[in-house]
Each structure stands twice: as C-alpha cells, then as structure tokens.
Amino acid sequence: MRLIAPLMLLAALPAFAADPVPEITRPAATPQANGVVHTLRQIPEACARIEGAFTGQAAEPYKFAVVRTSQNCQPRARFVDAAKARPSEASGWKFNDLIRVPSAACPSQQAVVRIWRKPVEVGQERDGQGQSRIYLDDAMKTAAAGKLPPIPMYAAAMSVEGKACP
C-alpha cells in the first residue's frame with residue numbers, strides 16, 4: 001500500500017509538466033453561470049479584451065472571443081490566432097497567463113485559457129539615462145524604406161477540462 005501512493009504521484013507528474021510556469025500566477029476565477037459574458041483578461045497594448053461565456057451546450061460548452069476595446073485605441077501589439085502561430089517557448093514565445101474559470105452550473109467542468117506573449121526587443125541602444133529612444137524622423141525613414149520593426153504578439157488558446165454534466 002505504501003508503494004502505490006508514490007507510483008500514483010509519479011504517474012500524475014507528466015500532466016503537470018505539460019504547461020510551463022506562466023509569467024502571471026493567479027487563482028481560479030469565480031464560478032460563472034451559463035450565458036453570462038465575463039472578461040477573462042485585458043491586454044491594453046493590443047487594444048484587446050478576452051471575454052468568454054459558458055453556453056450550457058454539450059457540443060460547445062464554452063465560447064471565448066478577442067474583442068477590440070476601443071476604435072480610437074492604437075495597438076502597440078498584435079493578437080494572432082494561436083492555432084496558426086503555434087506558440088511555444090522553443091519558438092520565442094513566453095507562456096504569459098493561465099486562466100481557469102469554473103462553471104457554476106457544472107462544478108466538475110472548467111474553461112482554461114492559455115495566453116502566450118512573443119516579446120520584441122525595441123531600441124536596443126540606450127541613451128545616457130538608460131532609456132531607449134525612438135525618434136519620429138528616424139522611424140519615418142525606416143518605414144519609408146520598408147524596414148518596419150517587428151511588434152510584440154499575443155495569442156490565446158482555450159480548452160474545456162473536466163467531466164461534463166448531464
């Protein structure tokens with residue numbers, strides 16, 4: 001009997017090793033009722049808000065969407081489709097956030113949203129104050145030459161975990 005418990009613990013380790021440690025650590029969210037749209041996360045630099053809702057349907061129990069926060073907002077980062085980008089730490093992405101949202105109607109089920117961030121080094125040269133400066137004339141010349149610098153990117157992937165309720 002004493003040998004079985006450590007073996008069960010070792011068998012469970014690969015499940016925890018699947019996700020790297022996120023940059024942001026947070027507890028599970030408050031359980032959400034079916035049909036109630038809730039904000040999962042705001043990303044101001046991408047002018048985006050991730051929102052979701054439990055549907056109560058077995059085929060698609062949870063829906064999430066990336067919504068623009070304001071038409072006047074000028075994004076400094078881009079939100080991309082996680083299925084196309086295939087974010088991983090090996091390809092330069094950082095595992096930014098892990099959001100778990102339990103269902104109020106089905107406590108054994110939860111939505112899990114994984115947010116990835118691909119940073120970009122901007123202004124590698126520093127001035128006397130240790131700041132990176134971007135000057136408008138230099139940036140306009142670079143843009144006119146077609147040498148636009150890369151911008152940071154974000155991607156979000158959603159899954160539903162746990163046992164579905166009848």
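**Stop 1: Gln109**

Select Gln109 in this predicted model. Leave aside its neighbours within four places in sequence, and Gln109 is in contact with Pro61, Pro102, Ser103, Val160, Glu161, Gly162, Lys163 and Ala164. Show those residues as sticks. Gln109 itself lies in strand 6. Is Gln109 buried or exposed? Its relative accessibility is 11%, so Gln109 counts as buried, the cut-off being under 20%.

**Stop 2: the second largest pocket**

Stay with Gln109 and turn on a surface. Gln109 is one of the residues nearest the centre of the second largest pocket. Add Gly56, Gln57, Pro61 and Cys165, which also lie nearest that centre. Pro61 is a contact of Gln109 as well. In total, 13 residues line this pocket. Its volume is about 220 Å³. Which kinds of residue make up the lining, nonpolar, polar or charged? Eight are nonpolar and five are polar. No charged residue is in the lining.

**Stop 3: the largest nonpolar core**

Next, select Leu40, Val101 and Ile115. These residues touch the most other members of the largest nonpolar core, which has 15 residues. Which elements give two or more residues to this core? They are strand 1 (38-43), strand 2 (48-54), strand 5 (94-102), strand 6 (109-118) and strand 7 (153-162). Colour those five strands to see where the core draws its members.

Now centre on Ile115. Not counting residues up to four places away in sequence, Ile115 touches Arg41, Ile43 and Ile50. Ile115 also touches Lys94, Phe95, Asn96, Asp97 and Ile99. Tyr154, Ala155 and Ala156 complete its list of contacts.

A second, separate core has nine residues. Among them are Val80, Phe95, Val112 and Ala155. Phe95 and Ala155 are therefore worth a second look: the residues belong to that separate core, with buried nonpolar residues joined through side-chain atoms within 4.5 Å.

**Stop 4: Val80**

Move to Val80, a member of the second core. Val80 lies in strand 4 (residues 78-81). Its relative accessible area is 19%, so Val80 is buried. Beyond residues up to four places away in sequence, Val80 touches Ala85, Trp93, Met153, Tyr154, Ala155 and Ala156. Draw a distance from Val80 to Ala156. These two are 76 residues apart along the chain, with C-alpha atoms separated by 8.0 Å.

**Stop 5: two loops**

Select Cys47. Cys47 sits in the loop between strand 1 and strand 2. Its phi is positive, near 55°, in a residue other than glycine. Cys47 counts as buried, at 2% relative accessibility.

Then select Arg86, in the loop between helix 2 (82-85) and strand 5. Arg86 also has a positive phi, about 50°, although it is not a glycine. Is Arg86 buried or exposed? Arg86 is exposed, with a relative accessible area of 67%.

**Stop 6: helix 3**

Select residues 136-144, which form helix 3. How many of its nine residues are buried? The count is zero, and the helix is hardly covered. Gly146 follows helix 3 and has a positive phi, near 80°.

**Stop 7: the whole chain**

Zoom out and switch to cartoon. The protein chain has three helices and seven strands. Along the sequence, the pattern is α-β-β-β-β-α-β-β-α-β. Buried residues make up 24% of the 166 residues. Among contacts between residues at least 6 apart in sequence, 61% join residues at least 24 apart. The chain exposes about 11400 Å², and carbon and sulfur atoms supply 57% of that area.

Technical notes. Residues are numbered from 1 along each chain as its sequence is written. This is a predicted model: local features need pLDDT of at least 70, side-chain atom pairs count only at pLDDT 80 or more; totals for chains, interfaces and linings use all residues. Side-chain values use heavy atoms; hydrogens and water are left out. Buried means under 20% relative accessible area, exposed over 50%, partly exposed in between (1.4 Å probe, protein chains only). Helices (H or I, at least four residues) and strands (E, at least two) are DSSP runs, numbered from the N terminus. Contact means heavy atoms within 4.5 Å. On a 1 Å grid over the protein atoms alone, a cavity is a set of points where a 1.4 Å probe fits but cannot get out, and a pocket is an open set with protein on both sides within 12 Å along at least five of seven lines; lining residues have an atom within 4 Å of a point. Grid points are joined across faces, edges and corners, and a volume is the space filled by probe spheres set on the points. Ala, Val, Leu, Ile, Met, Phe, Trp, Tyr, Cys and Pro count as nonpolar, Asp, Glu, Lys and Arg as charged, and the others, Gly among them, as polar. Accessible areas come from the Shrake-Rupley method with a 1.4 Å probe; for residues, only the protein chains shown count as cover.
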